[in-house]
Structure formats: structure tokens, C-alpha cells
Amino acid sequence: MGDHHHGPAKGLSRWLFTTNHKDIGTMYLWFSFAMFILGGTFAMIIRAELFQPGMQLVEPGFFNQMTTLHGLVMVFGAIMPSFVGLANWLIPMMIGAPDMALPRMNNWSFWILPPGFLMLASTLFMEGGAPAFGWTFYAPLSTTYAAPSVTFFIFAIHVLGISSIMGSINIIATIMNMRAPGMTYMKMPLFVWTWFITAFLLVAVMPVLAGAVTMMLMDIHFGTSFFSAAGGGDPVLFQHIFWFFGHPEVYIIILPAFGVVSQVIPAFSRKPLFGYASMVYATAAIAILSFVVWAHHMYTVGMPVAGELFFMYATMLIAVPTGVKVFNWVSTMWRGSLSFETPMLFSIGFLVLFTIGGFTGLMLSIAPADFQYHDTYFVVAHFHYVMVAGAVFSMTSAVYFWLPKWTGRMYNETMGKVHFWISFVGFNVTFFPQHFVGLAGMPRRVPDYALQFADFNMMSSIGAFVYGASQIMFLYNVIATIVSGEKVSDEQVWDGAEGLEWTLPTPAPYHTFEVPPKIEATPAHG
Amino acid sequence: MSIKKSLMTAGATLSALPIAALAQNQVNMSPGVTRVGAEIYDLHMLIMIICIVIGIGVFGVMLYSIVYHRKSKGYVASQFHESTKVEIAWTVVPFLILIGMAVPATSTLLEVYDNDDAELDILVTGHQWKWRYEYLNAEGENVSFFSNLATPQEEIYNSEAKGEHYLLEVDEPLVIPVDTKVRFLITANDVIHSWWVPEIAVKRDAIPGFINEAWSKVDQEGIYRGQCTELCGSYHGFMPIVVHAVSQDEFQGWMSAKRADKDAQIAASSVDLSLDALMTEGESVYKTQCLACHGGQGEGGVGKAISGSAIAMGDLGVHLDVGIKGVAGTAMQAFGEQLTDVEMAAVITYQRNAFGNNTGDVVQPSDVAQHKQG
Amino acid sequence: MAATEHAPAGYEKYHVPDSSSLAVRATVGLILTVFGAGLLLNDMTFGETHESGNAKWVLAAGLVFFILTLASWFRTTIRENMQGMNSAQLNHSYVLGMFWFIFSEVMFFLAFFGTLFYVRQLAGPWLAGEGDGGRMNGLLWPGFEFSWPPTITPQEAVGGSDVQPIANNGAFLTQDRSMSFADAHHWYQWLPMWNTIILLSSSFTVHIAHTALLKDQRSKFNLWLGITVALGIIFVGLQAAEYYEAYALFGLTLNSGIYGSTFFMLTGFHGFHVFMGMTMLLIQLIRSVRGHHFTASDHFGFEASSWYWHFVDVVWVFLFLFVYIL
Ligand code: HEA
Ligand code: HEA
Ligand code: CUA
Ligand SMILES: [Cu+2]
């Protein structure tokens, strides 16, 4: 048993063998950024092919592989691990715990990710190519009609699932068991709350996804007929199971993002978060509702009309708690003393663009209208508004916000602001026109399109290259900060920031809160 | 296409964008040519406008705050952080708005689902990557045919200028009468497809082994185009739908012509053809039916190579078997019903003599008919 | 463990383990295992083109390595506990970890039960042209009648895979006899009933063992735990016999349409979980007999295994009801 005042070990073994939540958080963050670049590269190939009508760069089959891998890598490789990384760094610091509850398992959760993705990416080089059936891998395209590499895809999903389940069990145990004395549930920062609820969602739905891919495996290799009508099964059954996982999954992506924004906006408004309690309840309500809305992705599969109505009403309801959150954020800004450092800019960008994405989500939830929207670029526009301008903007905000605390150095503010503005404009140029082409009738997942969609697609591609390129600036800024940023030693860093992590020295020492802090009776949030 | 050229096009487009693009392009959903379509369009406009209004409200408040409540202007933050009254208000009001949306949505949905009392039934079957239409006729003698993409490869691969209906044209369109409630029975043969024609307001997934119902009653004669909207493999982007809505009379005429065609085909299968005739016909069948998987030079792709294939150069019976019955569990489907005996004979002859296979074999329609009988 | 009694409500120093190679080793084992399994399956299914020959060795190496690593992981954890490094708070983390792990397993089984309900209540009738979702399906599968257990697959109803309306992806042949109670000849020959009795009693025996442990009665504990393990082994044995019966005598295989699919999926994964639970209990038994581990107040390893055992038992009750009886 070691001396608790030692610092990190030296060399590679520090990272391979670490049990320290900060090290593990750092690894998650870098890994997810690498995956973001990979998934972004796939997106660039998609956008380059769609730059003009006609087939120019890739073959249709390969295009489908790009779409599939782009979705999978972004969702499972970039967004989810990035927020797990944040959770690792911040949750112990925010609740006054010395580390995560189960540190060795924490390390394991991380380390199975890179080889899992390596296996997934290696399918690109296998005979028959990588999975080409979309990130939703509907049977039977993903079973009887898939390339042999699908077997490795299935096992990769299993591995990622194991990682997520272990990671979330760890987070649940940490939050339930490791809070410092006096840190009651209703005093926890919202970021901790949103992750707490997200972790429950993960433990509940990742195993269902594992079940779905297991049945695929059986259909492919063992002659079962879960998804084949000839034996009495049903391809639509796959979709039900997938979306029982898939819909909560999109809230898994967005809830921690909500958490981040709920920390950043009050800090730069210099005003406590408005409606803390209702934020917590709204988050819980969104999570609970997310279990009974899955078939809104399946309005056109031919469900009986009663089912259709049920899922439509349930889905529409989600607008209520989400609206509460949006209104609370705006009220937090109202009559605050606002300043617009980079994290705040990204959070405001999040707020505006996520809300637009939420509105299109609400439009999609109207079943009869979705008969015209479904599987068009309107849907693509919707989910990039909530996932890129939602999750990615929020994540970017988080990195700028906590980077000084992590590294003890300040990023370049000007460059940060430029990064924001290019991202904001680039993003909208990319995805706003997609609403138009979608409404005008362009299906998604096509490598080529009719002539009337040409102009908007070209615009969209240009926007995508701009947005993509602006991420180089982000990467540069982060690295420059770590290497040679201006030193900060002030514990507070941001004058309006609240929370335990800001009471720690800057940069945060390797081990923190080995002795739990005492949380005063004064409530942190009112 | 050179980089320079694309950059120039890009530049030109960008500068002209706001005005030109909006003028040329359709930017909104089309109300289409059916009553249901118009209702869906109204519903779409209603919810969109509600969302825009709420958005303006929310963003307006935020913008006000951003402009006036700035630290740089010396604005001092107030510290309020709770108000049960407003919180209840902004829970209840959106809820009421949602009810306002749900009511018209429900009635439109029920109408979409009202599949009874159709005057004409058409069975629509999705195949990788073409549609098959079968008119279910109460008196039997169903008319059926396949509808393939008609856009030539040269246009897709940019060696020829693209036509007006690039990717949205087929060799044989679906023909329906106007002012008639047509019911589409939608299913698939292999993977899931989805049959969508925006203007007649029908989109329904085609699930292999299950039949979904949808209907449409078209008000205006015209040509309506759509596409498969469920990812169905490599050529998902290349399986368009074209619907000709014609008058009742025209429809009847078309129907009788179709029936006559069928009889002619049966007669044709007993006539022998020359190698040349078979090769010409075979090449065109190959291009529409087989090329997507087996490649322009028979080099293979999704399917195995035909050039030098042991099957295409070996026993004729096996070759016919593969063509007619397909290969179970692979993308190689049974073409026996999709092609007439003449077409099948032609394409098999073609495969046995093209791409350097030079077997010199000639397969006649009667051989195919015989092989089918076993 | 002594310190825990006096510490203020669970806030003594938390044991954060030193850096450790366990996780990386476990990763190597896990990845080799799944990679090997993938290669092997592809060799089996897509044979001629993907022959790699050494797939089974990759799989075997991975499995061995993985199991050894897990063993050393648990050994480390146990040793730490015995050295008194675990606070009550840390032990509670383990409790939470186990609890939520079992919850995730529940959700895993839920996917399979959901499948069963879906095909029985919805898809099956639809295929037969019944109900809102399938009134036109009679066109595709004329003559198909749905019942549970099914007496015919849609494919057979229309005359086999050559003439079915969808592309062929295999031959699905209904079983001669199903495993459900309705098809059993004599109640005493009906294995599932015996299995139910065995598994339910094993839940009692493990409970008796626990009670004994709480009273520090070691030999009684060992005895009842031993009986539990034995019951588990018998269960797995009977399950194997049942599978043999299914394949050899009843013509019930994985290819028997949706009945065979759901039957083997549910019972197979359950059986695998019984095997895991049984192994866990066996290890606890060995620890107790050989190492005199566990005290009346500190026996988390045993407790976690017994929770798992109860979970497996509850799953079986649902299985028995929905797979065999109803
Ligand atoms: C972060 C991820 C995320 C989030 C948060 C959401 C949020 C929502 N989504 Fe989205 N969605 C996706 C990711 C996400 N979605 C993805 C990835 C897909 C495509 C998957 C695929 O097929 O590949 C998809 C697809 C999708 C569909 C299927 C479309 C189709 O395929 O045809 C539907 C349909 O109902 C839908 C609905 C919604 C709704 C109602 C919300 C709601 O949560 C939004 C609620 C928010 C608001 C409404 C705005 C704020 C509220 C107010 C200001 C209050 C007042 C407002 C009113 C009363 C109007 N989504
Ligand atoms: C959170 C998830 C996430 C994120 C962040 C993104 C980010 C992006 N996505 Fe999306 N996307 C999905 C999730 C996501 N996506 C999903 C789930 C689908 C559905 C898949 C399916 O249909 O199955 C999809 C589908 C999808 C499509 C539709 C494809 C189709 O239907 O065929 C398109 C098309 O434009 C697209 C574009 C983009 C672009 C341009 C970005 C950009 O934001 C990416 C920007 C990032 C980078 C570019 C990388 C970092 C930058 C550099 C490394 C610098 C160098 C860059 C240059 C060379 C310029 N995505
Ligand atoms: Cu057929 Cu897409
Ligand atoms: Cu959803």
C-alpha cells in the first residue's frame, strides 16, 4: 500500500497501470479527440463525395461504410468517451471524493476502448469491407446481407458495451457512496446530477444493445430466425430492440452536455443557476420518458395506429421538461452580469442551436408529418443540431472552462473566440441547408442525388470543411496551452465559478480530497 | 474533375448563394397532389410556425440579456434563482401548446391509416435495387413488371452530361388512375426498403415477409418521382420510383396493352434467335440487371467475377440455375421471375461470351423455358 | 476491518489502490478472446475464403489469459480485504457495484424476454394474417397458421425455401415435439419441472448456508454451500440432457424457426449464467474450506455470489413460466 503523497509514476506505465481518476480522465479525453478526428475524417469523405451530383471519389458501397463508421465512431468513440473523461476528472473533485469508487475497474473501462475501436476500424481492411448498414444496423441488411466483417463489428459493440457498463457502475457507486460529509444529493452540482442519471440510463440500455447484437450473431452464424419472417421472426423486432437502446442513447449523449452548460452559464452570468431543483427533476423526467418513446424512429414501419399514437404523444411530452431546462438557462442569464469568454460563447451557442435542434425534433415527433420527414436530410439536420451543436459545443465549452484548472495554464482567449465564431458559422452553413434539401425530398445515406439538391449540398460541404478545419485551431490551442500557456495559480480561475473543484489549488494536484472536505451548511445552489 | 474547376464552381455558387439558391431550389415540403398530402403540409407549417414563434421569444429574451446585462457595461448581477410561479407557467403553457398540436396530428394520422375501401390494389415489392409492381386484379391475370433505374452509368460517372431527371428516372414507371383510391401493399424480397413518393404523400417501409398498407388518391394527372428511403445496401441511392397518374381511360388502355405484351412475350420464347441478337439484348439486360453487382467488365464487386468464372464458362445447367434461382443466402437473387425467357437466354449467352469468356455457347429462350420446367 | 466500527459514519480514509497492471492484462485477455471468437466464427460460416487455421488458438490463448487475470484480480482484492485495507465505505462500493451489475444482467435478459413476447403476441399472429399489423400477410404466407409452440414455420407452410416470397436465407424446419408442458408425455419425464425444483431448492440451501455463516457455523456453512454447488451442477447436467433430447429426439434445433431460436437463446444464456454462478459459489466454497476465509461479519465474496445465484433463480422462474408452461 502506497504512500499517498506521491505523484504520478514515470513513463508509459503511468498511463497503462494508473488508477488515478485524473489520469484516466485525461486518457479518455485524448482518446475521444482522436476518435473525433477519425469520425470527422469519415464525415469529410462523405461531404466531399456529396459536393456535387455524380460519383466522384468513392464507390457507393464504400460511401455506406463511411456513413456507418462515421455515425458509430462519433457516437461511441467521440462523444460518449469524452463525457466519461469529464466525469472522471470532475465528479470526484465536485463531490469531494479522493477518487472514483472502483479505481482499477476504472482503468479497465478505459483500456478496453482503444483495442475495441481498433477492431472496429480494422474491418475497413477486411474482405467485403467494413460494416455498411448504417449506425442503426437494421436487420436483415446487417445479418444475412452483411460482409463477414460484421462478426467483428458485433464483438466490438460488445466490448464498448462492457466498457460503458463498467464506467457507469463506477460513476453510480462514486456518487452514491463517495460524497463528502454534508454533500447531500440536492447540493450536488448539476453536472454530477446529469451524469448520475445518465449512468442509470447506460446501465439500463447497454445490455439491451448487447442482446440485440447477440441475436444478430446467432442469425448470422447459428441459423436462428429472430429477424427472418421465413422462420417466424420479424426484421422490425430488431428495430424495436435497437431503439429501446437507441433513444435513451441520444439522451445519454445530451444529458451530461446539459450538465456542463448548467455549470458554465451561471459562472459567466455571475448569478446562481435558476431553478436548481426543477433542473434535477426535469433531467429525471427526460430520462424516464426516454424509455417509452423509442418507436418514434419507426413511424413508417407499419405499426398499428394505436402504437403510433402512443409513441407520438409520449415523444411530444419530452418537450416540456426540456423546455424547463432551456427557460431556466435563459433565466439564469437574465439580469446577470454577463461576460463572454470562450466557454460562455460555446455554451450560448449550445443553447441557441440545441433549441433549434429540439424544435426540429418536436416536428419529427408528429407522426403524420414524419411520414414526409423520415429518412431524409431533415433528420440529419435535426440530429446534428442536437449532437454537434449540442454535445460537441458543450464539450468544447467544458474543455475551455476547466482546462486552466487541469493544467494550471490559460488558453489563448482570442484564438478561442475565433474558434467559436468559425465553428458557429461553419456549423450553420453545413447543417442549416440540410433542412431544406430534406424537406425538398433528399433521402439520407445516399452517395449521389438528383440535380435540384446540388446547390445546397455544395454549400453544406463547404461549411463542413470550414467547421472541420476550425477544429485544428482547437487542437492547437489546447496543446499550446499545455506546453506553454500563461500560468494561472488562482484557485478560482473564473470569478463567477462555484463549486468544490474551484477551491482546490491550480493546477489540481494529482491527489485531491484525500481527507474529505466539510461542506458548510450554506447551500451551494440555494 | 479538376480541383481548380470545383473551386471555381464553389466560389461562383457561394457568391450567388442567398438569392440564386433560394430562387432555384425548393426549400420547403411540397403539399403535393393529394388531400392527405395537403393536410400533412398544413400540419408541418403549423408546428414549424409555433416553433419559430417560441424560438423568437426565447432567443429574444436571451439576446436582450446579452446586449444589456453585460459585465462590461457595469451591470450588477441580481441574485434571484427561483420562482415557483413562472416555473409552473412554463411547464403548463408548453403542455397546452402540445395539446394544440396533437389534435390535428391525430386526425391526420387516422386518415393516413384509413386503408379500407380501395378501388385498386397494387403490390409493391422492393428488391435490391429495383421495384416490382403487381396489379392485383380481382379477375386474376395480374399484370406485373420490374422498374429499374434508367439513368446510364455514364451520367453517374460524369462522362456524360446529366439529364433533367438524373437518378429519378426509370425504365418502366408505375401507372395509376387519378381520382381513384389506390392501395399500395408494400413488401420486400430481400432487405428493408421504403417506398416514398413525396407528392402523393406515401412513405412506407417495405419489410421482407410482411405487407404494409398505404393509400393515395391523386387529384392531378402528372409524373411524380420518389426514391427508396431505407438504406438497403450499396445501390440504395439508385432505386427511384416514378409514378404516372393518368386519366381513367388512359389507365384502362395501358392495362390492356400490358396484357397483350405478356401474351407476346410467351409467344416470343418459342422463337430462336441469332447469337448477335442475343448478345445485343444480353448486353442491355446485363447493364440494367447485373452490372451493379458484377461490374462493367464482369470483374465482380458485390457479386463474384463473371469474367473467367468457372460457372459462366462451365456447365450450362449450373449457370442457368444460378441465374434463375439465385444463390441462397447471398445477394445473388433469383432472376427467373424478373426476366422473360428471352432476356434470361440473352443475358446468359452474353455472360458466356463477353468479358473474354468466349465459350461460343448460344442459349435459346426455349432452353430457359425447358430448364425452368426441370 | 477493526477500525470500521469506530469511524464516523463511513468517512475514514478510502483505499485507492496503487497503479496496477491488472486492467491492462485483462484487456489483452478480453480482446484476444473476442478476436479469436470472431475469426473462428467466420471460418465456420464463410469457410473457404476465410480459413485462417489458428483462430481457435487465438481464442484459447485469450480465454486462458483472461481467466487467469481475473483470478489474480480477485486474489488481489481478497488479499487487500484480509489485510484490513478495506473500509466500510469501500465495501459499500463493492456492494453497489455488484448490485448494479446484476441490474445490467436483468436488462440483458429483458431483451430476450421482450423478443419472446413480441414474436408470440405480435409478429406471429401478423404473419398468419391476423390483427392490425398483418391483415394482408396472407398473400405472402398462404396457409400459415400461428400457434405457440408453433407447429409449422411460415416457410414450410408455403412449401419450402425455394418458393417462399422472400429471398432464401436458410431452411427453418419446425421441431417434431416442443419442450413445453403441453407436449410432454408424462409429467415425471418432463425435465424442466425437475430443473425448477432443483434450482428453487438451491436458493434455499444457499440461504441456509448464509444463515449458518452469520452464526459462525463453518462446517454447516460448508455443507450447505456444497449442496448448493452440487444442485447447480445437476441443473447444468440436466440442461445438457435436455439439449441432447431436443437435438437428437425432438428435432428441435437452432434452425427450428422462431421457437427454436427463442428457446435456445433464453435457456442457453440462462444455463450459461447458472454455470457462472455455480463457479462463483464453488470458488467461495474452496475459499472457505481451504483458506478458512469469511467471518460472520465479513463475507462479501460469498454474499455477492449468492445474490447472483438468487438472480439466476428468479430468471429461471420467468423462463419456466413463459418458455415452458404458457
Ligand atoms: C443528442 C441527441 C438527441 C436529442 C437531444 C434529441 C432530441 C429529440 N429528438 Fe431526436 N434524434 C437524434 C438525436 C437526438 N434527438 C438522432 C441521432 C436521431 C436519428 C437517428 C438515426 O435515425 O440515425 C434522431 C431522430 C429523431 C426522430 C426520428 C426521425 C426519423 O427518423 O424520422 C424523432 C421523432 O420523433 C426525434 C425526436 C426528438 C425529440 C422530440 C427530441 C426532444 O428531446 C427535443 C426537446 C427540445 C425542445 C422541444 C426544444 C426546447 C423546448 C422549448 C423551448 C419548450 C417549448 C417548446 C414547445 C412546446 C414547442 N429525433
Ligand atoms: C455526435 C455525433 C456526430 C458528430 C460530432 C458528427 C459530425 C459531423 N457529421 Fe455526422 N452523423 C452522425 C453523428 C455525428 N456527426 C450520425 C449518428 C450519423 C448517421 C449515420 C448513419 O446514417 O448511419 C451522421 C451522418 C452524417 C451525414 C449523413 C450521411 C449520410 O446520410 O449518408 C453527414 C453528411 O453531411 C454528416 C456530416 C457530419 C459533419 C460534416 C460533421 C462535422 O461536425 C465533423 C467535424 C470534425 C472533423 C472534421 C474532425 C476534426 C478536424 C480535423 C481532423 C481537422 C482536419 C479536417 C479537415 C480535413 C477539413 N454526418
Ligand atoms: Cu431500397 Cu434503399
Ligand atoms: Cu429518439
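**Group meeting: a buried arginine, a helix pair and a histidine**

Arg409(A) is buried (under 20% relative accessible area, with a 1.4 Å probe and protein chains only), yet Arg409(A) has no salt bridge, meaning no side-chain nitrogen of Lys or Arg within 4 Å of a carboxyl oxygen of Asp or Glu. The nearest side chain of opposite charge is Glu486(A), 9.6 Å away; Lys and Arg count as positive, Asp and Glu as negative, and His and the chain ends are not counted.

Before going on: this is a predicted model, where local features need pLDDT of at least 70, side-chain atom pairs count only at pLDDT 80 or more, and totals for chains, interfaces and linings use all residues. Residues are numbered from 1 along each chain as written, chains are lettered from A and ligands numbered from 1 in written order, and side-chain values use heavy atoms, without hydrogens and water.

What lies 3.4 Å from a polar atom of the Arg409(A) side chain? That is the backbone oxygen of Ile482(A). Not counting residues up to four places away in sequence, Arg409(A) touches residues (heavy atoms within 4.5 Å) including Leu403(A), Ser484(A) and Glu486(A).

Now the helices. Helix 3 (residues 60-95) and helix 5 (residues 113-122) of chain A pack at about 175 degrees, axes 12 Å apart. That makes the two roughly antiparallel, the term for angles over 145 degrees. Among the residues that meet are Phe76(A) in helix 3 and Phe117(A) in helix 5.

Last, His374(A), in the loop between helix 13 (367-373) and helix 14 (377-407) of chain A. His374(A) is buried, at 11% relative accessible area. Its contacts include His297(A) and, from chain B, Lys203(B) and Glu230(B).

Notes. Buried < 20%, exposed > 50% of the residue type's maximum accessible area, 1.4 Å probe, protein only. Polar contact = N/O pair within 3.5 Å; in protein donor to acceptor, adjacent residues only side chain to side chain. Axes fitted to C-alpha atoms, helices over the stretch in contact; angles between N-to-C directions. Helix = DSSP H or I, 4+ residues; strand = E, 2+ residues; numbered from the N terminus. Parallel < 35°, antiparallel > 145°, perpendicular 65-115°, else oblique.
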